Amino acid sequence: MKKRLLSLLIISSMIVSLSGCGAEEEKNPEAASGSAVSEAAVDVTPEPTEEPAEDDDNLIEDGTFDGDKPWDVYTFSGGSGSTSIEDGELHVSISDTGDVEHGVQVYYDGFSMNEGTEYEWSFDARSTVDRTVSGRIQINGGDYHAYFVTPVELTSEMKSYSFSFKMEEASDPAPRMCFNMGMQDDNKQFKDHDIYFDNIRLVVKDASGAVASAADEDVSGIRLNQIGYKPGDEMNAVFADVAIDSKSYKIVDAKTGKEVVELQMPDGTHSVTNANADETDMAVDFSFVSQMPKKGTFKIVAEDGTESPEFKIGKNVYDDLLKKTVKMLYLQRCGTAIDKKHGGKYSHKKCHSKKATLYWDEDVKLDVSGGWHDAGDYGRYVVSGAKAAADLLLAYESYKDKKIIDNVGVPNSGDGVDDLLQEAKYELDWMLKMQSENGLVYSKVTCANFPGTVMPEKETEPLIISYTSTPATADFVAVMSLAARLFKGTKNASLKAAAGKYLKAAKKSWKYLAKNKKVKGHTNPEGISTGEYPDTKDRDERLWAAAELYRTTGDKALIAFVDDCAAEMNLSGYGWLDCGGYGCYAALMNKKLKKAAPDTYKKIYDGFFKIVDEAAKTVNSDDNPYGVNRTDTYEWGSNMGIANDGMMFLMASRISDSMAYDNEAHSQLDYLLGKNPTGYCFVTGFGTKSPKSPHHRPSQYKEKAVPGMLVGGVNNGLDDPYCQNVLKDTPAAKCYVDVDQSYSTNEVAVYWNSPLIYLLAAS
């Protein structure tokens, strides 16, 4: 008999986080107790203080609750509660405290605190039952430790509480103030009761010892690809608010400072107003410089003396970066030990190797070990994994005649087999385990909640397999068909054997999809708060599946499915949600389809290139100096989207059998590697200025970023509390911050690295 898997939703003291577009969205704090009170003075008086007429010194907006916006509430592990404003007080209605201290928590974001400053925190509070709550001012990310924490004894009488403390840690521009109102330390729980707060104040008591915050380093106002260029590449830079009326500039040898050449600005060079970045920009093209050596390290020096970051020119300029971006995937491997030789300081013991339980039937336990940890957390997801594996396979297919990547520095390197294929195989072999008996594919396997800041082997909560879905199943068909075709064409016995298994599995899942046209989307089951990857449409995934399977098998019965899906969707997308671009590419690279169904082929061709040409027009617009397919919107994971655009342009060049869109593709790569308004090379460990604090648990735990990871990048949706506080007045194109708390701009993911790998393999 099927039973709800509630017994496996194990109580944890770790933070629960919610997912947005796959990369992790952490809405609420770790609520660990026991942090010491630093130099705190406590005063509790029996009567509430009078409300001040004006409270300009208060760091908390509307601490007297005269408005209509209550603080936010967070519940966890059985906790249940809500907030409202009642008679000028914050009313917290609690129906169940849950099983942990932070089972019910009210919290406030939107203030900052400076190192070395003394603060006074005061408030009035009462409860309809006598009980203790925990007052906390804490970091809003990472391990969520408290800067100050204190128990607060509440009774039915409204009392005033006052605490003084000193901020001993580095300044924090976006901390969190909260009250944990869950289960008490003595394991005492409460059901229906109410708690009221008023006159909440946080004020600076003594700023004489304040330590100045470190300013964000800006490398210069000249933005360019900080890795460099190959001889013959299009080379350009953006002068941002510096020397924008220059008539000339110099290129100098970065090591000696010796001038290589002084150049005049070409006719027509002019500045433009870039409202998205709040800049005045001038695009400078130095591709034509015949005097430029074919090898070396250089800088641009503007008329006013502003120097660009260093950049290299050389035929192997991207080799090390490509190796590290691929090795990142190896370091994300789950279910295996990463040894010291190949993992360095990020080595770890075998992780997540126990059997996982079906959410809806706790009697069924399956071995689903393997695959890649998806992002900054340790979940494994089919839809994102399929996209990442496909990018590696397509990179190999497109550029195998130019290069074999067999020197990444992983255990199978140097064996004569491309590391891209072997890394993809590791993910695909896990995906085989996620196929159910009827051909449908399980969407994901994770614990119930995101882990704290631990190495992967320390996440030991039970593994839970989530629902099946048709988007995951169609992605499975597509990538298995693609892998079967490519693996069969190699000389490696292991890959050839895998090809047969993959094709058999793809056909089994396609059989289900062909008979069942209804969408079976995925949403998180109750009690599961890890990455959701919700998708309620599957026409794009079905197009990709049918087109890829037809390309591999030649089964003409699949043409009708290709035609049907292509007629009903936007022929674009290279992400986990929208996969139409992959389907278009599989169809348009298939000569069998062009011959057997020319009308279908033309329909897809015309639709695909309409999208490509519109994107190219945006990239080449005179008022778009940074040359990316963006106007005023930068979505969560925009760096993936920009890398995907680069991949799309390269695919268009291959379909048209020309280099028509190669420059547009390279412009997207330039953006990712430094030619962008933030001045960051968005790959950890590379460039003059790169992310040092990504939202990535091994990097956070080791306090040093794994090299070769593409971070999410600019996101003017401000989808995490840190961004909402720190970047609220920032221009759209600069909404990025290099802190691990900012999961919506600074997390990493395997399927963000994978299109970058494709671009680098092509370069």
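Okay, let's start with one residue, His695, which sits in the loop that runs between α13 (662–672) and α14 (697–702). Keep in mind that this is a predicted model. So is His695 buried or exposed? Its relative accessible area is 2%, and the cut-off for buried is under 20%, so His695 counts as buried. And what does the side chain of His695 have for polar company? There's the backbone oxygen of Asp740, 2.7 Å from a polar atom of that side chain.

Okay, let me zoom out to the whole chain. How many helices and strands are there? The protein chain has 17 helices and 29 strands. On overall dimensions, the C-alpha atoms fill a box of roughly 85 × 75 × 50 Å along the principal axes. The radius of gyration is 28 Å, and for 763 residues a compact globule would come out near 27 Å, so the two agree.

What about the inside? Buried residues account for 60% of the 763 in the protein chain. And if you take contacts between residues at least 6 apart in sequence, 73% of them join residues at least 24 apart.

Then the outside. The protein chain exposes about 29500 Å², and 48% of that comes from carbon and sulfur atoms. For charges, we've got 83 positive and 117 negative, and their mean positions lie 14 Å apart.

Right, second residue: Asp96. You'll find Asp96 in strand β6, residues 89–97. Buried or exposed? Relative accessibility is 18% here, and since buried means under 20%, Asp96 counts as buried.

So who does Asp96 touch? If we skip the neighbours within four places in sequence, the contacts are Gly78, Gly79, Ser80, Val104, Phe190 and Lys191. Take Gly78 from that list: Gly78 is 18 residues from Asp96 in sequence, and their C-alpha atoms are 7.0 Å apart.

Now for the polar side of Asp96. Which residue does the Asp96 side chain meet in a side-chain to side-chain polar contact? That's Lys191, at 2.6 Å. The Asp96 side chain also has a polar atom 2.9 Å from the backbone nitrogen of Gly98.

If you want to put the two residues side by side on screen, here's what to look for. His695 is in a loop, with its side chain by the backbone oxygen of Asp740. Asp96 is in a strand, with its side chain in polar contact with that of Lys191. Okay, that's what I had for today.

Note on methods
Residues are numbered from 1 along each chain as its sequence is written. This is a predicted model: local features need pLDDT of at least 70, side-chain atom pairs count only at pLDDT 80 or more; totals for chains, interfaces and linings use all residues. Side-chain values use heavy atoms; hydrogens and water are left out. Helices (H or I, at least four residues) and strands (E, at least two) are DSSP runs, numbered from the N terminus. Buried means under 20% relative accessible area, exposed over 50%, partly exposed in between (1.4 Å probe, protein chains only). A polar contact is a pair of N or O atoms within 3.5 Å; within protein, one must be able to donate a hydrogen and the other to accept it, and residues adjacent in sequence count only if both atoms are side-chain atoms. The radius of gyration is taken over C-alpha atoms; the globule rule is 2.2 Å times the number of residues to the power 0.38. Contact means heavy atoms within 4.5 Å. Accessible areas come from the Shrake-Rupley method with a 1.4 Å probe; for residues, only the protein chains shown count as cover. Lys and Arg count as positive and Asp and Glu as negative; His and the chain ends are not counted. The place of a charge is taken as NZ of Lys, CZ of Arg, CG of Asp or CD of Glu.
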